[in-house]
Amino acid sequence: MLHEDRLFASDPTQRAIARRLYAQVGTLPIISPHGHTDPAWFAKNEAFPDPATLFVVPDHYIYRMLYSQGVRLEDLGIPRKDGAAVETDSRTIWRRFAVHWHLFRGTPTRLWLEHALETVFDVTERLSPATADRIYDQIDERLRRPEYRPRALFERFNIEVIATTESPLDPLEHHKAIRESGWTGRVVTAFRPDPVVDPEFEGFRANVERLGALTGEDTATWAGYLAALANRRRYFMEFGATSTDHGHPTAATADLSRAEAEALFAKALRGDASPAEAELFRGQMLTEMARMSLEDGLVMQIHPGSMRNHNPVVFERFGRDKGADIPSQTEYVRALKPLLDRVGNERDLTIILFTLDETSYSRELAPLAGHYPALRLGPSWWFHDSPEGMRRFREMVTETAGFYNTVGFNDDTRAFCSIPARHNVARRIDCGFLARLVAEHRLDEDEAADLAVDLAYTLAKKAYKL
Ligand SMILES: [Zn+2]
């Protein structure tokens with residue numbers, strides 16, 4: 001299923017250069033500085049239960065497409081919040097998935113899954129209703145072998161380091177267990193404070209109370225709340241965290257006076273904040289987090305522009321992260337100004353910006369990152385984590401931000417077996433992009449070779465201090 005020249009240009013000159021560049025980076029270790037794998041996998045090292053639980057049930061890229069074509073999420077085994085019955089038979093779920101596999105023609109999901117099936121599970125035939133059972137049995141048989149346990153796969157995937165993402169309320173018990181187990185795989189956490197800094201997050205007030213209980217700080221006061229956050233950041237750093245991550249609806253930032261911030265916080269805690277005040281509070285918290293980053297060195301990632309839980313029926317029945325998040329138009333130049341006025345010139349601070357609004361790349365993000373020392377650009381993300389999305393990213397940002405204001409690749413995934421596939425796609429696309437520059441005599445091949453290694457490996461390691 002996998003052609004050795006996949007994703008390279010069909011033009012023979014460029015293709016030959018891309019092959020040579022890729023030969024130097026294809027097997028480099030994986031640096032995965034941002035993602036959503038479950039640390040319990042590596043802590044417990046239990047076998048993945050079955051093919052559907054591994055590939056279908058946790059992957060919103062897969063079931064959002066099936067849902068869009070009329071498949072009920074219940075029929076794919078997605079658990080309901082009210083505990084109502086859903087499909088539990090793994091083979092049935094797998095067959096339903098196979099019947100709809102043609103929906104993924106031309107999508108990155110198809111590339112990722114076929115890469116995982118072939119390179120991890122030795123499957124060499126295309127998934128279809130006719131092959132579904134045979135492929136199911138093959139995966140199922142492999143999953144029972146010791147070399148398919150999470151730690152063995154981690155080593156086989158050549159992962160040098162992987163970051164998971166946790167809420168400040170998470171006790172990090174799995175990270176503790178990994179550390180105490182003596183296993184040498186490097187799994188670090190990342191600090192994602194959305195549940196305690198977003199007044200519109202479910203259970204915000206109770207979350208802030210729990211934050212107080214966890215840290216012994218009085219989080220009913222602004223000073224105690226900030227101290228508690230600083231305390232949890234330090235705790236996360238004990239478990240390897242080098243970054244924070246902020247999934248806000250917009251890139252809005254604010255720099256309020258202490259009195260204004262205190263009053264706003266009190267209002268948010270009372271549950272009286274209007275949508276505009278909630279937005280202002282989130283914006284203020286980005287600036288507070290940047291201030292803390294200057295002190296403790298954590299790299300900040302801002303992932304704005306996703307309108308979460310767009311579909312109220314799906315949210316009510318199934319909860320968050322169920323494929324119902326939709327990108328929206330995102331403005332950065334004015335939105336980030338309060339933050340940048342405060343910290344934009346800091347050379348010891350790194351703020352990595354992401355977008356789901358590609359129109360902002362050449363107009364706003366590349367000019368910002370191509371000027372402010374504190375700013376870097378994250379790779380094409382989520383809906384744009386595709387061959388075309390990666391090419392568009394390079395085409396739109398390189399002219400103004402160059403390569404060295406970007407930070408390599410993030411797989412940003414919860415689908416463990418897709419990690420090698422995603423890095424593989426990114427490496428091939430970057431080599432293809434560099435090959436074009438070489439073929440057009442805009443870059444010498446030895447420089448392109450250096451860059452290929454930087455984009456595949458070095459930049460992520462450096463930007464995320466890994
Ligand atoms: Zn993420």
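These are my notebook entries on a predicted model, covering its sheets, its pocket and cavities, its cysteines and two single residues.

**Entry 1: the sheet of four strands**

I began with the sheet that holds S4, S5, S8 and S9, and I found it to be open, with parallel pairing and with the strands in the order S4-S5-S8-S9. At its edges I noted strand S4, residues 243–246, and strand S9, residues 375–377, each of which pairs on one side only. I also looked up the twist, and on average neighbouring strands of this sheet are turned by 25 degrees against each other, with direction ignored.

I then went through the pairs one after another. S4 and S5 are parallel and share 4 bridges, and across this pair I saw histidine 246 standing opposite isoleucine 302 of S5. S5 is joined to S8 by 3 bridges, again in the parallel sense, and here isoleucine 302 has leucine 353 of S8 as its bridge partner. Isoleucine 302 therefore turns up in both entries of my list, facing histidine 246 and, in S8, leucine 353, and I recall that strands of a sheet pair through backbone hydrogen bonds, either parallel or antiparallel. The last pair is strand S8, residues 351–353, with S9, where I counted 3 bridges between strands that run parallel; isoleucine 352 stands opposite arginine 376 in S9.

Which helix packs on the sheet, touching S4 and strand S5? I found helix H14, residues 275–296, and its direction makes about 160 degrees with that of S5, residues 299–302.

Are the faces of S5 covered or open? Both are covered, since I find Val299 and Gln301 buried on one side, and Met300 and Ile302 buried on the other. This fits the rule I had in mind, that in a regular strand the side chains alternate between the two faces of the sheet.

**Entry 2: the sheet of three strands**

I next turned to an open sheet of 3 strands, which I read in the order S1-S2-S3 with parallel pairing. Strand S1, residues 30–32, and strand S3, residues 187–188, have a single partner strand each, so one side of each is left without a neighbour in the sheet. For strand S2, residues 159–163, I looked up the pairing with S3 and found 2 bridges in the parallel sense, with valine 188 of S3 as the bridge partner of alanine 163.

**Entry 3: the largest pocket**

I looked up the largest pocket and noted a volume of about 1300 Å³. Its lining is made of 45 residues, and I recorded His36, Arg308, Arg320, Asp321 and Arg414 as those that lie nearest its centre. At least two lining residues come from each of helix H2 (39–44), helix H3 (51–55), helix H4 (60–68), helix H10 (194–197) and strand S6 (306–307).

**Entry 4: the cavities**

How many cavities of 30 Å³ or more are there? I arrived at a count of 6, and the largest cavity has a volume of about 100 Å³. Among the residues that line the largest cavity I noted Leu54, Phe55, Trp112, Phe416, Cys417 and Arg422. H3 and helix H6, residues 108–121, are the elements that give two or more residues to this lining, and the largest share, 4 residues, comes from H6.

**Entry 5: the cysteines**

I searched the whole structure for disulfides and found 0. I then checked two cysteines for burial, taking under 20% relative accessible area as the cut-off. Cysteine 417 counts as buried because its relative accessibility is 3%, and cysteine 431 counts as buried because its value is 2%. I noted cysteine 417 a second time, as one of the residues lining the largest cavity.

**Entry 6: asparagine 207 and arginine 179**

I placed asparagine 207 in helix H11, residues 204–215. Is asparagine 207 buried or exposed? It counts as buried, because its relative accessibility is 11%. Leaving aside neighbours within four places in sequence, I found asparagine 207 in contact with Leu169, Pro195, Val196, Phe201 and Glu202.

I placed arginine 179 in helix H9, residues 173–181. Not counting residues up to four places away in sequence, arginine 179 touches Glu238, Phe239 and Gly240. I also looked up its separation from serine 274, which is 95 residues apart from arginine 179 along the chain, and I read 43 Å between the two C-alpha atoms.

Technical notes. Residues are numbered from 1 along each chain as its sequence is written. This is a predicted model: local features need pLDDT of at least 70, side-chain atom pairs count only at pLDDT 80 or more; totals for chains, interfaces and linings use all residues. Side-chain values use heavy atoms; hydrogens and water are left out. Two strands pair if DSSP finds at least two bridges between them. Axes are lines fitted to C-alpha atoms, for helices over the stretch in contact, and angles run from 0 to 180 degrees between N-to-C directions. Contact means heavy atoms within 4.5 Å. Buried means under 20% relative accessible area, exposed over 50%, partly exposed in between (1.4 Å probe, protein chains only). A disulfide is a pair of cysteine sulfur atoms within 2.5 Å. On a 1 Å grid over the protein atoms alone, a cavity is a set of points where a 1.4 Å probe fits but cannot get out, and a pocket is an open set with protein on both sides within 12 Å along at least five of seven lines; lining residues have an atom within 4 Å of a point. Grid points are joined across faces, edges and corners, and a volume is the space filled by probe spheres set on the points.
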